[in-house]
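Thanks for coming. I have one chain to walk through today, so let's put it on the screen.

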Amino acid sequence: MLEGLPPHRPTHVLRLDTNERAARAMTDLIGEVFDPTETAVAAFEAEDGKTWHLEAYFSEEPDEEAVRELIRPILGDAADGATFAAIDQQDWVRASLEGLKPVRAGRILVHGSHDRGRVQPNDLPIEIEAALAFGTGHHGTTLGCLMALVDEVKRRRPHRILDVGTGTGILGLAAARLLHKTVVAGDLDPEAVATARTNAAFNGLANLMAFYEAPGLRHPLARHTRAFDLVFANILARPLTRLAPSLARAVATDGTLVLSGLIPRDVPGVLSAYAAQGFRLRRRRLIEGWATLELRRGGGAARPR
């Protein structure tokens, strides 16, 4: 599970081992106290089935004693065992990916170079190396969106696809690989866009990707009314709510809108914002504590599955 998206340029990390109860409590606490655009915390179960590894990433050097005191009510004296370290800007994502297994959604397989040998003849591989932008495919939000893509293609084949907040470009690349259609993908972070372009070229998909650098849909490539059959927006609850009118305008009359980057408590507010734009929930997924929503225009609200 992970609370908040990892900062694009983290400088420091907190690490400690604890139990599941404390890990979940600390994930909630740090997510509430710190700005989610500047801090992220992840907790993962160890192989022994008892220990949980917790890591919190900070975009600026934290006040170590203040953080220890913040978590002390949960951990007690074990808070003193938390370690803080500076992160090498070029290596932090690469280190975080070491040992991670490939991620599969249908025939789509997201993997690093060390797992090329796991690609099967029928797979649609996307190779993503570590980079200073979010979106490796191992995060629950990204996997939820990939699964939504696979489900959408089972129903129909979208022709026009938009990926808002593309990060490393993984969702756009997967859609291009699966559908052989041009995908428009944008991000407000120039480093993310540069990384996504590199990934597209490396995967032989540059000719199917149209990238833009701008916040939200504020670019001629994205600013088209009811133009896109499938729209992804894997960001956070607050910007998703703010972008509701512009995202709604972009989705074709019979199109599908996939939203992610949401923890469960965010879902009612986001659904309300998009209901005001005429959208209803078709399906909700919960993966690693993150919700992914598939929305369509009009009609009665589908029962969440």
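How much area does the chain expose, and what share do carbon and sulfur atoms supply? About 13900 Å², with 52% from carbon and sulfur. Those areas come from the Shrake-Rupley method with a 1.4 Å probe, and for residues only the protein chains shown count as cover.

Some ground rules. This is a predicted model, where local features need pLDDT of at least 70 and side-chain atom pairs count only at pLDDT 80 or more, while totals for chains, interfaces and linings use all residues. Residues are numbered from 1 along each chain as its sequence is written, and side-chain values use heavy atoms, leaving out hydrogens and water.

Now the overall picture. There are nine helices and 15 strands. These are DSSP runs, numbered from the N terminus: helices are H or I with at least four residues, strands are E with at least two. Of 305 residues, 54% are buried, meaning under 20% relative accessible area with a 1.4 Å probe, protein chains only.

Next, one sheet. It is open, has three strands in the order β6-β7-β8, and its pairing is mixed. Pairing takes at least two DSSP bridges between two strands. β6 (103–105) and β8 (124–127) are the edges; each has a single partner strand, so one side of each lacks a neighbour in the sheet.

Look at β7, residues 108–111. Four bridges join β7 to β8, and the two run parallel. Within that pairing, V110 sits opposite I126 in β8.

Finally, the helix. α5, residues 170–179, lies across β7 and β8. Its angle to β8 is about 150°, taken between N-to-C directions on a 0 to 180 degrees scale, with axes fitted to C-alpha atoms, for helices over the stretch in contact. Contact means heavy atoms within 4.5 Å.

Note on methods: Buried means under 20% relative accessible area, exposed over 50%, partly exposed in between (1.4 Å probe, protein chains only).
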